[in-house]
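Trainee: Before I look, could you show me the structure and take me through the terms used to describe it?

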Amino acid sequence: DTDSAVAGEAAGMAIGMVLVGTGAGNTSNSLPDSLSGAAKEELMEVVAELKNYARVTQHEKIIRGIAMGLALMNFGQEENADAIIEEMRSDRDPVMRYGAQYALALAYCGTGSNKAIRILLHTAVSDVSDDVRMAAVLGLAFVLFKTPERVPDLVKLLLESFNPNVRYASCMAVGIAMAGTGDAESIAMLEPMLDDMTDYVRQGALMGTAMIYMQQSDAGGGSEKSVSRGKLRAFREKLSNVVSEKHQSMLTKMGAILGAGIMDAGGRNCTIGLNSRNGFTKMSSAVGLALWLQHWHWYPMMHMLSLALTPTLTIGLNKDLKYPKASSGFEIICNSKPSAYAYPKKLEEKKEEKKKRVETVTLSTTAKEKARLARKRAKEGGGDAEGEQKGDEKEASAEDAKKDDDAMDVDKDKEEGEETEKKKKKREPEPTQFRLGNPARITKAQSEVCEFDMTQRYRPVRPNENPFGVVVLTDTTPDEEEDLGAVMAPSLEPDGELAPPEPFEWVPPPPPPPPTKKEDKSKEPKKEGQKEEFKDDAEAEEKAEGGPEPMED
């Protein structure tokens, strides 16, 4: 009702988040059965009113908010959403067509539908709007996230497109699909984009590469396709260099900052995942990622990335939902070197080495000159020149001896340093197997090389699955004492997290009063005791000093 652009965009997205996945407005929908017939009809009217308002309003932000709201409503609807998607795709407004691409991507999210892929690819190369083409390419990552290896093959040619929006979207699509895999081929595809001519293409390449590098170690993963040793460290250095360079554009610097944050998300304990452990699509992650991509138009949407993050941990719980500690008899065996999945090393500040002062060498001519001056002073003062000369010779011999001792000490220090370096080189070989406690950080790639120890006291209910996520355990010796730890549940009390607000009705503020005509204050008579107003400080100083100084002829 207020026709405010910013509030209207937020309201459109908020309605979509409230009705996400319900298919409200479609002939066949997924609205809950608990709603009465009148309530369902009211929701249908709300959706129809949103469509009409999108055609009437002149604010592009409001139209985009409504389009994204309609896209969120059709999450997971598949064929039920075909009618509204086709209606939005045929709209003359490019912003509505932009929302149609997200509606199609979310309706067929994770299905791998050939029909949806065909429509998205056709739009990516034929639409006249750059934003619509960008959204179509990004939609491929949502539809194919369960078969991520297909995305790089599909967008390989789009990475060479003349359109920078398409190149940006291709980088982001590869990053979303291959997030946390460390796939070397995908990284090789994005490397040329890091030096693209367009600044926001470089931004997309930096963020896409950072997604692929999530939870990768400097030593490289255990699989053959994982990134090689040293690549991750070089990319981190590139991110820091881009941020510190003066000649880089703001968009590229923003991509480097976001890329560094994505790589270290959740303390390096999280990754972007659109599916659950059992392969089901996570609605909150898909919605969060779709809203995060709207930061292209509205920066506050950056915070939505947290919805798409999934913690990568393994925790074993007993029947009381408490976890037995490692001392109680539950550990996980990892058949890999510890460095393959370890945390990356923290960046260390380079310490400037203090310059050592080089001792000046005393030349023989200088010693002779000193001796000559000493003899001259002795003759003038009547003293014994020979005694002073002998003293100077003794001092010189003592200095030479001291230098020899220092040289011997330096040689000894060098020998000791070489011995310590040899000892460091003779390190013990890294073990090929190690054990993890409970709970433990286990990445998705690491879970493939982990297994349960079935000789322990606590054993998993489903021993054939990979140790990843929440594992329910059985106790083989329930009569013995247990060393258990309790998981702290989040609190909604005021002492912990803030409780939700009480229900309230929001009333828009009244419009501001119309501006009145300002009267000329210079014509008004001055009141007694009122000080004169001056335009600037110079005029005030002149008045206080009795006027400006007379100019010289």
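Mentor: Let us begin with the polar contact, which is a pair of N or O atoms within 3.5 Å; within protein, one must be able to donate a hydrogen and the other to accept it, and residues adjacent in sequence count only if both atoms are side-chain atoms. This is a predicted model, in which local features need pLDDT of at least 70 and side-chain atom pairs count only at pLDDT 80 or more, while totals for chains, interfaces and linings use all residues. Residues are numbered from 1 along each chain as its sequence is written, and side-chain values use heavy atoms, with hydrogens and water left out.

Trainee: What makes the pair at the start of α9 a polar contact?

Mentor: A side-chain oxygen of N163 comes to within 2.9 Å of the backbone nitrogen of N165, and the limit is 3.5 Å.

Trainee: How do you know that the span of helix α9 agrees with what is expected?

Mentor: The expected span is 1.5 Å times one less than the number of residues, so the 14 residues of α9 (164-177) should cover 20 Å, and the end C-alpha atoms are indeed 20 Å apart.

Trainee: Why is α9 described as largely enclosed by the rest of the structure?

Mentor: Buried means under 20% relative accessible area, with a 1.4 Å probe and protein chains only; 13 of the 14 residues of α9 are buried, so the helix is largely enclosed.

Trainee: With which residues is W292 in contact?

Mentor: Contact means heavy atoms within 4.5 Å, and, leaving aside neighbours within four places in sequence, the partners of W292 include M172, M207 and I262.

How values were computed: Helix = DSSP H or I, 4+ residues; strand = E, 2+ residues; numbered from the N terminus. Buried < 20%, exposed > 50% of the residue type's maximum accessible area, 1.4 Å probe, protein only.
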